[in-house]
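This report covers helix packing in one chain of the model, followed by the contact between chains.

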Amino acid sequence: MTYITKPKLRHPGIPVNKLGFTHRDYEGTVSTLCAGCGHDSISFAIIQACFELNIEPHRVAKLSGIGCSSKTPDYMLGQSHGFNSVHGRMPSVLTGANLANKDLLYMGISGDGDSASIGLGQFVHCVRRGVNMVYITENNGVYGLTKGQFSATADKGSKSKAGGSNMDSPLDLVSMALLIGATFVGRSFSGDKAQLVPLIMAAMSHKGPAFIDVVSPCVAFNNHAGSTKAYDFVREHNEAVNRLDFMVDREPITVDYAPGTSEEVELHDGSKLRLAKLHADYDPHDRIKAMTYLQSHAAAGELVTGLIYMDPAASDMHANLNTVDKPLNRMMEAELCPGSAGLKSFNDAHR
Amino acid sequence: MNPAHGMKPTDIQNPDYFHKVVDCQWACPAHTPVPEYIRMIAAGRYSDAYMVNWHSNVFPGVLGRTCDRPCEPACRRGRVEELLAAPQPVAICRLKRVAADNKDDVHARMPRPAAQKNGKRVALIGAGPASLTVARDLLPLGYTVVLYDSDASAGGMMRTQIPKFRLPESVLDEEVNYILDLQPELRLGQKVDSLKAVLAEGYDAVFVGCGAPRGRELEIPGRKEAAANIHIGIDWLSSVSFGHTTRIGKRVIVLGGGNTAMDCCRTSRRLGGDEVNVVVRSGFEEMKASPWEKEDAMQEGIPIHNFLVPKQFLHDKGKLTGVLFEKVKAEMVNGRRNLVPSGEPDVTMPCDDVLVAVGQENAFPWIERDIGLEFDKWDMPKVGTTTMQSTNPRVFFGGDAAFGPKNIIWAVAHGHDAAISIDLHCQGKSVNDRPPPMVNLMSQKMGIHEWSYDNDISNDLRYKVPHAPIEKTLKDVKLEVELGFDVKQAFLEAQRCLNCDVQTVFDTPKCIECDACVDICPMDCITFTANDEEDVLRTHLTAPALHATQDIYVSAALKTRRIMAKDEDLCLHCGLCAERCPTGAWDMQKFLLEAPKTGYACHK
């Protein structure tokens with residue numbers, strides 16, 4: 001870890017967003033994770049996404065459980081709301097917070113241990129309830145805090161740092177998310193911010209359960225030959241199905257794509273996403289085909305990344321529950337409590 | 001993008017590359033290793049800091065009070081604080097003084113006179129900073145050095161032109177004496193009036209370091225008639241310095257906008273000038289005086305009037321009564337800034353005395369023109385810019401005598417270069433065969449996240465040097481105005497230094513492209529990108545490249561075929577890139593460069 005705080009001085013030429021903030025204003029404290037941890041790159045991708053989207057930091061709630069990944073909310077968005085919950089229990093805390101105040105942008109930060117092992121049930125039910133959130137797993141395939149045992153997402157046959165092979169079948173969180181009703185699903189790599197940042201921006205603008213699985217190499221325990229979550233391995237086996245350009249009041253920065261290979265998608269908040277197809281046969285709007293595509297490529301040893309699936313017409317838990325527009329936490333007793341007369345007439349109606 | 005057309009990996013073996021990153025050292029004519037001695041000051045190692053300075057610039061105590069400070073405008077601190085209203089460089093010059101003020105007795109660390117003479121004799125004409133530097137560099141090697149000066153004591157313009165309230169005599173004496181202790185032969189109080197005669201004495205080499213001794217005249221009507229109260233600035237300062245002049249009229253006008261003018265006006269204030277005015281042809285910004293000298297003058301209640309050209313000295317039967325000025329304005333003519341009459345009525349300023357400080361000139365009436373020493377069309381000797389050699393191979397020049405009026409630190413730099421040439425010449429070697437600098441690059445890693453320098457960046461703004469109370473200083477022409485930083489202030493100011501000599505060194509094969517350095521860098525200096533030509537590459541860095549003169553450090557191609565590009569411009573040298581690097585691809589390494597000089601033997 002680093003002992004000094006990041007100097008306050010900053011480059012005088014860096015961009016300022018509509019709120020007058022630079023990306024530096026979205027930072028948190030200095031990371032205590034191992035130097036070179038993929039998780040830190042993801043934190044900075046989130047910082048960059050919030051900066052680009054002109055998000056007021058006080059409108060974000062970042063929630064996490066336990067683990068290396070779950071420490072990261074401290075290292076970003078220092079001026080946002082935060083909740084570090086019990087191991088694997090972040091999804092229910094997030095659901096509760098969302099029920100109470102639907103006006104915040106909810107960001108669940110988790111890892112493969114927190115979401116695929118101890119918190120698997122929580123993860124599944126939070127997604128299937130359609131909670132409006134961005135759920136990010138920082139997936140490194142090992143338990144870093146306990147010195148590198150295989151996690152539930154480690155691929156079968158991959159080698160540990162000590163030399164042993166993993167004999168258990170892996171859990172693919174992306175496939176699960178598709179299966180249980182996530183309306184925005186993506187996968188990316190911590191070492192590719194050009195792909196990751198627009199993906200997070202799109203997920204934050206999506207209304208509904210958005211899930212992004214980010215492969216994030218553990219430099220201390222899972223960045224060796226034989227690991228399927230090492231920097232080199234992921235770079236060699238990365239199959240990006242599309243490239244995203246997120247347009248907020250500005251022209252996209254990337255180069256023009258060949259005609260017919262890109263499409264524009266409008267998101268809930270009116271912002272636009274330009275999707276460049278790198279694989280002509282891939283359609284991110286067809287959930288069933290997406291699942292098949294993932295399985296067949298996984299069988300071929302490829303890691304499919306990019307925007308896997310998106311339902312532009314998605315709805316969320318509050319729509320399903322038909323809640324009132326006003327966030328519940330802003331209602332006073334008079335609005336929330338019907339009073340004894342009201343209760344009596346309600347009970348009478350059921351007799 | 002075609003990688004074949006991109007930038008070549010930076011050659012960090014070339015000493016110039018990292019030297020340029022140390023902006024202060026690169027800008028210093030004598031290439032003093034500034035961050036090295038500033039760290040020593042912070043650590044309370046004043047004697048060590050003094051010796052680092054002494055080796056490079058010979059007069060740390062003098063320069064710590066009087067230097068023109070080319071290092072400070074170059075200082076990176078003045079760029080990284082750009083968001084503040086008044087970004088300020090580190091007070092490098094005044095920290096140098098702290099080393100001189102607080103050091104222990106350093107006599108034991110000084111070189112001794114050579115035990116054995118080498119039989120070569122060198123004459124130095126003028127005993128100012130250039131000649132004294134040559135003497136210091138040559139004496140420990142065994143040369144016999146003969147020092148000529150028309151004044152009775154050595155020191156040159158440092159003694160005669162710099163007022164004692166800026167440079168106490170004791171400070172100058174101490175540093176001149178370190179050189180006189182090496183036992184040059186002194187011929188002080190002897191004016192040299194023939195170079196031919198000096199050469200005839202059979203010297204192996206002659207060094208001319210006589211300065212630019214003539215103050216420029218101002219030939220306007222009334223000059224002759226009112227001559228009794230019109231004085232040439234540098235001559236008058238010299239007369240004050242020797243105690244010949246002790247008073248001046250109540251109302252004084254100083255003509256000129258350079259540092260000599262500032263010394264003249266401030267000296268006048270102390271010798272009875274109650275109403276002292278500085279009048280300058282140019283605008284305030286264009287004045288040649290250093291900003292801090294203008295500031296000091298104004299603080300002593302001396303107004304500076306700009307855009308006024310002297311037209312006539314007014315007098316009443318030979319008694320000066322005032323000066324008539326024409327008002328001018330600046331106008332761009334064919335892309336050049338010209339001063340043209342503004343059309344406003346002329347201005348009369350009454351006065352009792354005028355000091356003319358409108359520039360200095362070289363004068364070589366004592367150099368014969370038939371000794372193989374060529375002069376150019378401006379009547380200046382033709383001198384090699386690094387060899388300091390004239391067209392007469394035995395004669396070398398340095399200081400103001402070489403290329404016209406500059407300053408002490410340039411004189412010292414010339415002295416080092418001339419000494420190298422004289423040494424080579426006396427050994428029968430080519431003076432173009434320059435020795436390389438001594439360079440050392442060493443990792444500062446002490447532990448996993450510990451460095452042997454303090455990498456935590458101070459947010460303090462520049463500290464001001466305290467002054468003696470003005471009621472006292474204006475009454476005593478010898479009382480030093482600046483008190484110097486105390487030890488605590490010096491520490492805090494030293495902590496503002498960014499340690500630019502501790503370089504970020506990148507080892508390409510070790511990099512796994514995890515982005516940790518890009519993310520942590522507080523100044524967004526680092527980019528991993530496709531290679532391209534430099535001007536294109538500069539446009540797609542993480543943060544815009546603001547200064548084209550600052551280099552981009554480029555790696556060889558990485559595994560993804562991208563390159564690492566680091567804009568050196570605003571790097572804080574905080575070492576966070578190296579702390580967050582999992583593989584040690586980044587390392588912080590101290591680059592210590594000692595500019596070449598003769599007499600490495602004198603280093604202790």
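In this predicted model, the axes of helix H3 (residues 34-42) of chain B and helix H8 (residues 92-102) of chain B cross at roughly 50 degrees. An angle from 65 to 115 degrees would count as roughly perpendicular and one under 35 degrees as roughly parallel; H3(B) and H8(B) are therefore oblique to each other. Their axes come within 10 Å, and the crossing is left-handed. On the H3(B) side the contact is made by B:Val34, B:Tyr37, B:Ile38 and B:Ile41, and on the H8(B) side by B:Ile92, B:Leu95, B:Val98 and B:Ala99. By class, this contact has 8 nonpolar residues, no polar and no charged ones. Residues three or four places apart on an α-helix point the same way, because the helix has 3.6 residues a turn.

H8(B) is largely enclosed by the rest of the structure, because 10 of its 11 residues are buried. The buried residues of H8(B) include B:Arg94, B:Lys96, B:Arg97 and B:Asp101, along with B:Ile92, B:Leu95, B:Val98 and B:Ala99, which meet H3(B). B:Cys93 and B:Ala100 are buried as well. Among the elements covering the buried residues of H8(B) are H3, helix H2 (23-27), helix H4 (46-57), helix H5 (60-66), helix H6 (71-74) and helix H19 (487-494) of chain B.

A second helix pair in chain B is formed by helix H9 (residues 129-138) and helix H17 (residues 408-426), which pack at an angle of about 40 degrees with their axes 7 Å apart. H9(B) and H17(B) are therefore also oblique to each other, and their crossing is right-handed. H9(B) contributes B:Pro129, B:Ala130, B:Thr133, B:Val134, B:Asp137 and B:Leu138 to the contact. Among the residues that H17(B) contributes are B:His414, B:Gly415, B:His416 and B:Asp423. The contact of H9(B) with H17(B) has 10 nonpolar, 4 polar and 2 charged residues.

The two pairs are set out below.

| Helix pair | Angle | Axes | Handedness of crossing |
|---|---|---|---|
| H3(B) and H8(B) | roughly 50 degrees | within 10 Å | left-handed |
| H9(B) and H17(B) | about 40 degrees | 7 Å apart | right-handed |

Chain B also touches chain A: 32 residues of chain B are in contact with 25 residues of chain A. Helix H20 (516-520) and helix H22 (576-580) of chain B each supply at least two residues of the side of chain B that touches chain A. That side of chain B divides into 18 nonpolar, 5 polar and 9 charged residues.

As for confidence, the mean pLDDT of chain B is 94, and 98% of its residues reach 70 or more. The model scores ipTM 0.90 and pTM 0.91.

Key
Residues are numbered from 1 along each chain as its sequence is written. Chains are lettered from A and ligands numbered from 1 in the order in which they are written. This is a predicted model: local features need pLDDT of at least 70, side-chain atom pairs count only at pLDDT 80 or more; totals for chains, interfaces and linings use all residues. pLDDT is the predictor's confidence in each residue, from 0 to 100. Two residues are in contact if their C-beta atoms, placed from the backbone, lie within 7 Å. Helices (H or I, at least four residues) and strands (E, at least two) are DSSP runs, numbered from the N terminus. Ala, Val, Leu, Ile, Met, Phe, Trp, Tyr, Cys and Pro count as nonpolar, Asp, Glu, Lys and Arg as charged, and the others, Gly among them, as polar. Axes are lines fitted to C-alpha atoms, for helices over the stretch in contact, and angles run from 0 to 180 degrees between N-to-C directions. Angles under 35 degrees count as roughly parallel, over 145 as roughly antiparallel, 65 to 115 as roughly perpendicular and the rest as oblique. A crossing is left-handed if the near helix is turned anticlockwise from the far one by less than a right angle, and right-handed if clockwise. A residue is buried if 20 or more other C-beta atoms lie within 10 Å of its own, exposed if 12 or fewer, and partly exposed in between; C-beta atoms are placed from the backbone.
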